[in-house]
Amino acid sequence: MGSALPERVLTNHELAEMVDTSHEWIHSRTGIEARRIAAEGEFTSHLAERAARAALDHAGREARDVDLIVLATATPDNTFPSTAVEVQSRLGIERGAAFDLHAVCSGFVYALSTADALIAQGLAERALVIGAETFSRILDWTDRTTCVLFGDGAGAVVLERAGGAAGASPRGVLASSLRSNGTHKDKLYVDGGPSSTQTVGHLRMRGQEVFRFAVSATVDVVETVFAKAGVTADDVAWFVPHQANKRIIDASAKKLGIAPEKVVLTVQHHGNTSAASIPLALAEASSDGRIKEGDLVLLEAMGGGFTWGASLVRW
Ligand code: COA
């Protein structure tokens, strides 16, 4: 595991000087106290590279051992080439494959499942799975309903073949379930893009509808991974959900029957960092000793599209 955050902390109090809001409103509605904002010239690839290097160090692996990079982001450095190949080149890797994966806030769960499937299929041996975002670059900083919610950051994991047949190892990704439904696309989107407007655009959201969906509809993917792995909520040691809003996380945990003390919460420090939020939370909870080898960890996310998904991981 590894993570990277920009140095600059933007507090709710500072935001209250920029738009008509208050620390009390933001904190009571979302749990967020502060978020990090990338510096000028600090790109998604820089955060991704730092997180990747930290993950390689933590795993005791060299960059040259990596033959797959799957980088989840909705805020790439450029329209193309992918941010993943930028990271690949900065790490000095000239073999294997690297690509970006776009599933917005569900990006990390999608990327982890994709890398796991590619390794299981024999297409790769050792992957860097990265979630990295600079959402500060696509926010409308005059819109108080969205600009208070998001932040920048990156997290990465090293995933490698454990030997034996696919699924033979007791550790790693035990089960995943991915979903999307594009009929919800106008509830959370960016109003620009290379083909439509030739601009980057700004994030737009119908917050209450997103909130309702996030709490109710994502239960199906969790039940699917529980059934696939033959476990129940009681077996879960740690629930590491996408960090969008503390109220969404609390309500989801309650609905799933997961005790509050098993929930890893980092949204207060980072805001919603989209594809980076789960690996940032995983890095924190594994480095402070909460998540231990052998623990059953449930990951769950929902984002624009809508996309949603869950993965069950034996640490
Ligand atoms: N500061 C102060 N007031 C604000 C505000 C802010 N930053 N943002 C909105 N308001 C106001 C609204 O204008 C509204 O005022 P009105 O009643 O006079 O019209 C009032 O607060 C209530 O707005 P509402 O949207 O009903 O608040 P809410 O309790 O639903 O909370 C969110 C808003 C955005 C926090 C909540 O809907 C949410 O978290 N949604 C999910 C967002 C999310 O997680 N998206 C990413 C998913 S990946």
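This report walks through the domains, a pocket, the nonpolar cores and a few single residues of a predicted model.

## Two domains side by side

Let's start with the big picture. The domain assignment splits the protein into domain 1 (2-160) and domain 2 (172-314). Taken over C-alpha atoms, the centres of domain 1 and domain 2 are 15 Å apart. How many residues are in contact across the two domains? On the domain 1 side there are 45, and they meet 44 residues of domain 2.

## A pocket between the domains

Now look at the second largest pocket, which holds about 900 Å³ of space. Its lining is made up of 36 residues, and A74, T75, P76, I138 and V200 are the ones that lie nearest its centre. Three elements give two or more residues each to this lining: α3 (44-59), α4 (83-90) and β9 (188-190). Of these, β9 gives the most, with three residues.

Where does this pocket sit relative to the domains? Domain 1 and domain 2 both give residues to the lining, so the second largest pocket lies between them. As for chemistry, the lining is a mix: 15 residues are nonpolar, 15 are polar and six are charged.

## The nonpolar cores

In soluble globular proteins, nonpolar side chains tend to be buried together. Here, the largest nonpolar core has 45 residues, and F226, I258 and L298 have the most contacts inside it. You can trace this core through α7 (207-216), α8 (219-229), α9 (246-256), β12 (296-303) and β13 (307-314), the elements that each give two or more residues to it. The largest share comes from α8, with five residues. Both domain 1 and domain 2 give residues to this core, so it lies between them, too.

Zoom in on I258 for a moment. Leaving out residues up to four places away in sequence, I258 touches A233, F239, A253, V263 and L298. There is also a second, separate core of 33 residues, with L68, L112, L159 and I278 among them.

## A helix tucked inside

Next up is helix α11 (residues 277-287). Why can we call α11 largely enclosed by the rest of the structure? Because nine of its eleven residues are buried, which here means having under 20% relative accessible area. The buried residues of α11 are S277, I278, P279, L280, A281, L282, A283, A285 and S286. Just after α11 comes G289, which takes a positive phi of about 90 degrees.

## Two loop residues to compare

T183 is found in the loop between β8 (172-180) and β9. Is T183 buried or exposed? Its relative accessible area is 61%, and exposed means over 50%, so T183 counts as exposed. Along the chain, T183 and F306 are 123 residues apart, yet their C-alpha atoms are separated by 7.8 Å.

K262 sits in another loop, between α9 and α10 (267-270). With a relative accessibility of 22%, K262 counts as partly exposed, because that class runs between the 20% and 50% limits. K262 and W238 are 24 residues apart in sequence, while their C-alpha atoms are 4.8 Å apart in space. Not counting residues up to four places away in sequence, K262 touches A233, D234, V236, A237, W238 and F239. Two of those names may look familiar: I258 touches A233 and F239 as well.

Notes:
Residues numbered from 1 in each chain as written. Predicted model: local features only at pLDDT ≥ 70, side-chain atom pairs only at ≥ 80, totals over all residues. Heavy atoms only, no water. 1 Å grid on protein atoms, 1.4 Å probe; cavity = no way out; pocket = protein on both sides within 12 Å on 5 of 7 lines; lining within 4 Å. Points joined across faces, edges and corners; volume = space filled by probe spheres on them. Helix = DSSP H or I, 4+ residues; strand = E, 2+ residues; numbered from the N terminus. Nonpolar A, V, L, I, M, F, W, Y, C, P; charged D, E, K, R; others polar. Domains from an automatic or database assignment. Core = buried A, V, L, I, M, F, W, Y, C linked by side-chain atoms within 4.5 Å. Buried < 20%, exposed > 50% of the residue type's maximum accessible area, 1.4 Å probe, protein only. Contact = heavy atoms within 4.5 Å.
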